[in-house]
Amino acid sequence: MLNIVIFGAPGSGKGTQSELLIKRYGLKHVSTGDLLRFEIKEGTELGKIADHYISKGQLVPDDIMIEILEDLIKKNLDKKGFIFDGFPRTLPQGEALNNKLKKNGLDITAVLSLEVNDEALIDRLLKRGQISGRSDDNDDTIKSRLHVYHQQTEPLKEYYAKQNKLVYIPGEGTIDEVFNSIEKAINNLTNG
Ligand code: AMP
């Protein structure tokens, strides 16, 4: 199985690149953000809890997210592999992902970190907000999400670097340029 974590700040292009990766490699897309937005739209209990955090630009608590993740893995073990988009976002989530995969005889192939500077991220997210209608793509929430990313999520880079899984991908080019870098990185990992 090819199990990819697509990593990066909000607005770094994780969703866009995930779509291309799915087409190219036939992986199961695990987007915790999409899943939570669906729950909010449906007005479920989980959706109500998630909305409370998402609208403030904060993370949904680890215990909730880990349960969701474990369930998603369990249900999709017949797939060619996973692309984890927006998970993990904290060290406990990273550890939970490693453990759950290991229990099923699986492992993360690579963590692709899309590198985009904060100024470009803010610019992209504000533009996305004008068309996406996402409640969290507004000025205040964007600042909070970037702060949360640097404080709670970015330390995962060191965690994965120690496991020799981290690959830096320059994320400021065009969609195709970024995808080319990703394909090269995956080819290196799977052929070399
Ligand atoms: P995303 O679409 O991945 O940017 O996620 C949107 C929002 O959903 C985030 O800002 C968080 O509030 C919440 N969220 C998504 N994935 C996670 C996660 N793995 N852990 C905690 N909160 C999450």
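Which residue follows α2, and what is the sign of its phi? I looked at the end of the helix and found G43, with a positive phi near 70 degrees. I note here that the model is predicted.

**Entry 1: helix α2**

I stayed with α2, which covers residues 32-42. I looked up its buried residues and listed T32, G33, L36 and E39. They cover an arc of only 125 degrees around the axis, so they sit on the same side of α2. I then checked what covers these buried residues, and the list includes β2, α3, α4 and β3.

I took α4, residues 62-75, as the partner to examine. The axes of α2 and α4 come within 11 Å and cross at roughly 105 degrees. Angles of 65 to 115 degrees count as roughly perpendicular, and α2 and α4 are therefore roughly perpendicular to each other. At the contact I found T32, L35 and L36 from α2 meeting M65, I68 and L72 from α4. I sorted the residues of this contact into five nonpolar, one polar and no charged.

**Entry 2: helix α1**

I went back along the chain to α1, residues 14-25. The helix has twelve residues and reaches 16 Å from its first C-alpha to its last, close to the 16 Å expected at 1.5 Å a residue. I listed K14, Q17, S18, L21 and Y25 as its buried residues. Their arc around the axis is only 105 degrees, which puts them on the same side of α1. I wrote down a general reason for such a pattern: an α-helix has 3.6 residues a turn, so residues three or four places apart point the same way.

The cover over the buried residues of α1 includes the strands β1, β2, β3 and β4, together with the helix α9. After α1 I found G26, whose phi is positive, near 65 degrees.

**Entry 3: helix α7**

Next I looked up α7, residues 139-153. I recorded 15 residues and a reach of 20 Å from first C-alpha to last, close to the 21 Å expected at 1.5 Å a residue. Its buried residues are T141, I142, R145, L146, V148, Y149 and T153. Seen down the axis, they fall within an arc of 160 degrees, so they line one face of α7. On the other side of α7, I found D140, H147 and Q151 exposed.

What do the buried residues of α7 pack against? I found β1, α3, α6 and α8.

**Entry 4: places in the loops**

I looked at three loop residues. The first was I108, in the loop between α5 and β4. Is I108 buried or exposed? Its relative accessible area is 2%, and buried means under 20%, so I108 is buried. Leaving aside neighbours within four places in sequence, I found I108 in contact with N3, V5, L97, N98, L101, Y160 and K165. One of these, K165, is 57 residues from I108 along the chain, and their C-alpha atoms are separated by 7.7 Å.

The next was P88, in the loop between β3 and α5. I checked the peptide bond that joins F87 and P88 and found it cis, with omega about 5 degrees.

The last was N164, in the loop between α8 and β5. N164 has a positive phi of about 55 degrees, although it is not a glycine. At 74% relative accessibility, I noted N164 as exposed.

Technical notes
Residues numbered from 1 in each chain as written. Predicted model: local features only at pLDDT ≥ 70, side-chain atom pairs only at ≥ 80, totals over all residues. Heavy atoms only, no water. Axes fitted to C-alpha atoms, helices over the stretch in contact; angles between N-to-C directions. Helix = DSSP H or I, 4+ residues; strand = E, 2+ residues; numbered from the N terminus. Parallel < 35°, antiparallel > 145°, perpendicular 65-115°, else oblique. Contact = heavy atoms within 4.5 Å. Nonpolar A, V, L, I, M, F, W, Y, C, P; charged D, E, K, R; others polar. Expected span 1.5 Å × (residues − 1). Buried < 20%, exposed > 50% of the residue type's maximum accessible area, 1.4 Å probe, protein only. Arc of directions from axis to C-beta.
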